[in-house]
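Ready for some practice at reading a protein structure? Work through the exercises below, and try each task yourself before you look at the solution.

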Number of protein chains: 2
Amino acid sequence: MSRLRSTILETSLQLFDEHGFHGVTVNQIVAASGTSKGGFYHHFQSKDELLFVIHDTFITYVLKEAGAANVIHTSPTAKIQAVIHSFVKVFDLYKPHISVFYQESTYLKPAYEEKIKKKRDEFKDIIFGIIHEGQAGGDFRKELPLEVTAMAVLGMVNWIYKWYQQDGRYSIDEIAEVYIDLILHFLLPGSSEQLMRHMNKVPFFYDVK
Amino acid sequence: MSRLRSTILETSLQLFDEHGFHGVTVNQIVAASGTSKGGFYHHFQSKDELLFVIHDTFITYVLKEAGAANVIHTSPTAKIQAVIHSFVKVFDLYKPHISVFYQESTYLKPAYEEKIKKKRDEFKDIIFGIIHEGQAGGDFRKELPLEVTAMAVLGMVNWIYKWYQQDGRYSIDEIAEVYIDLILHFLLPGSSEQLMRHMNKVPFFYDVK
DNA sequence: CTTTACAGACCAACCAGTCGGTCTATAACT
DNA sequence: AGTTATAGACCGACTGGTTGGTCTGTAAAG
């Protein structure tokens, strides 16, 4: 990959992260990259392709990591820990990519969007699969509705991009540890009776055993 | 409030939700609202003001609801349940507002952004406050780092806008119940020893008592 | 008669993308 | 070795279409 192409990618990533895809013009990218319109369009077909490349770089990496973490462990409990850990760590490596990924995916051209959606669904399936497997095997609480629980897990992790900063109070590894703790606390079966005394009402899904 | 103004707001909300703020032109809004440029600019100073109004409507409502739920209950456990419930329910009432709120806030003009940020921080403080209070009083697990835990809670709820659909498998009330269950499971003190047997490593924050 | 509500033609700015052209490097030829 | 041919990398003035916003006009309301 050419030197200039990388520069354009890095520069535009920063700019998009700060001002959003539509808040940055090709001329700005070109100026900040120390090149020209010609240089830009020599390496990218369009501004939209640039957006796609950013999306693809990130989701491809996440998918690869999650797949690996999923394979090397056997029990659902070990798997979920490994996958969450690797997923959280990504926010340290790819934060600008992720901001663009979650903020600007609306603006992907249909052909590009389809490709990204496919990979994103694959990733979602890994999470869903682990939780499902855990419930089926009795490792995780069976009464939890799979879809809602899985989306809660995805949500809490995904949201990290909105607040995480590298020089913040907690390192990315520490954050991962906290998240794993939280997730295991609601996934693993425990003293439900004790908890229910504190609840305003008995949840609708508690009749499953 | 005038009839046309409401129409413009509703229409643009739908359009923004579907295509994003920059994917919709003023002409499109005007056409879909059955009015004209004159009609639009009679009610709004600019497209940016429209964006602000949408933001403000939503965050003002959330803040009011959370404040109310926070006041009528006394214990942190009851408070967090009430606040989460009211918060989750908002996603049923204001889903298009929320999509715009989380997707397009980057494009708010500085003056508008400041106002919105203020209210958003107020809301965040309510959540932080409840968890802090719960930890201080011994209702919630003291070992959990406040910031990370609170952001996890906010994240899992906020992410709902990405997947919730009114005609989905679970009602918004059911989703709220699941979320409250999950959150209480990791907030309330329980059998940590039992859980730790399943953990790949001992979390860094477990030495606090 | 004044004010408010809206219509729609019009405009200036902007922006993604184009296109003819230059510069450099390496290969091919003599 | 010296000269020429060719390809790829990059430049930047230019354009055609679009967009947010304005301005003048008009009809109804009070």
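**Exercise 1. Decide whether A:K124 is buried, partly exposed or exposed, then find the patch it belongs to.**

Solution. Keep in mind that you're looking at a predicted model.

- Step 1: A:K124 has a relative accessible area of 32%. Buried means under 20% and exposed means over 50%, so A:K124 counts as partly exposed.
- Step 2: Now place the residue. A:K124 is found in helix α7 of chain A.
- Step 3: Look around on the surface. A:K124 gathers with A:R120, A:K162, B:R120, B:K124 and B:K162 in a patch of positive charge.
- Step 4: Check which helices contribute. Helix α7 (110–136) of chain A and α7 (110–136) of chain B each supply at least two residues of that patch.

**Exercise 2. Work out which parts of the structure the salt bridge between B:D181 and A:R141 joins.**

Solution.

- Step 1: Start with the general idea. Side chains of opposite charge can pair when their charged atoms come close.
- Step 2: Check the distance. The side chains of B:D181 and A:R141 meet at 2.9 Å, N to O.
- Step 3: Locate both ends. B:D181 sits in helix α10 (residues 172–187) of chain B, while A:R141 is in the loop between α7 and α8 (146–158) of chain A, so this pair joins two chains.
- Step 4: Look at the cover. Both B:D181 and A:R141 are buried.
- Step 5: See who else takes part. A:E143 is linked with A:R141 and B:D181 in a network of salt bridges.

**Exercise 3. Find where the partners A:D181 and B:R141 lie, and say whether each is buried or exposed.**

Solution.

- Step 1: A:D181 forms a salt bridge with B:R141, and their closest N and O atoms are 2.9 Å apart.
- Step 2: This pair crosses between chains, running from helix α9 (residues 172–187) of chain A to the loop between α7 and α8 (146–158) of chain B.
- Step 3: A:D181 has 0% relative accessibility, so it's buried. B:R141 comes out at 2%, so B:R141 is buried too.

**Exercise 4. Explain what the salt bridge between B:K109 and B:D48 ties together.**

Solution.

- Step 1: The closest N and O atoms of B:K109 and B:D48 are 3.0 Å apart.
- Step 2: B:K109 lies in the loop between α6 (95–104) and α7 of chain B, and B:D48 in helix α4 (residues 47–72) of chain B, so the bridge ties together parts that are 61 residues apart in sequence.
- Step 3: Compare the cover. B:K109 is partly exposed at 41%, whereas B:D48 is buried at 19%.

Key
Residues numbered from 1 in each chain as written. Chains lettered and ligands numbered in written order. Predicted model: local features only at pLDDT ≥ 70, side-chain atom pairs only at ≥ 80, totals over all residues. Heavy atoms only, no water. Patch = residues over 30% accessible without salt bridge, like charges linked within 9 Å, V, L, I, M, F, W, Y side chains within 5 Å. Areas by Shrake-Rupley, 256 points an atom, 1.4 Å probe, with all protein chains shown as cover. Salt bridge = Lys/Arg side-chain N within 4 Å of Asp/Glu carboxyl O. Lys, Arg positive; Asp, Glu negative; His and termini not counted. Charge placed at Lys NZ, Arg CZ, Asp CG, Glu CD. Helix = DSSP H or I, 4+ residues; strand = E, 2+ residues; numbered from the N terminus. Buried < 20%, exposed > 50% of the residue type's maximum accessible area, 1.4 Å probe, protein only.
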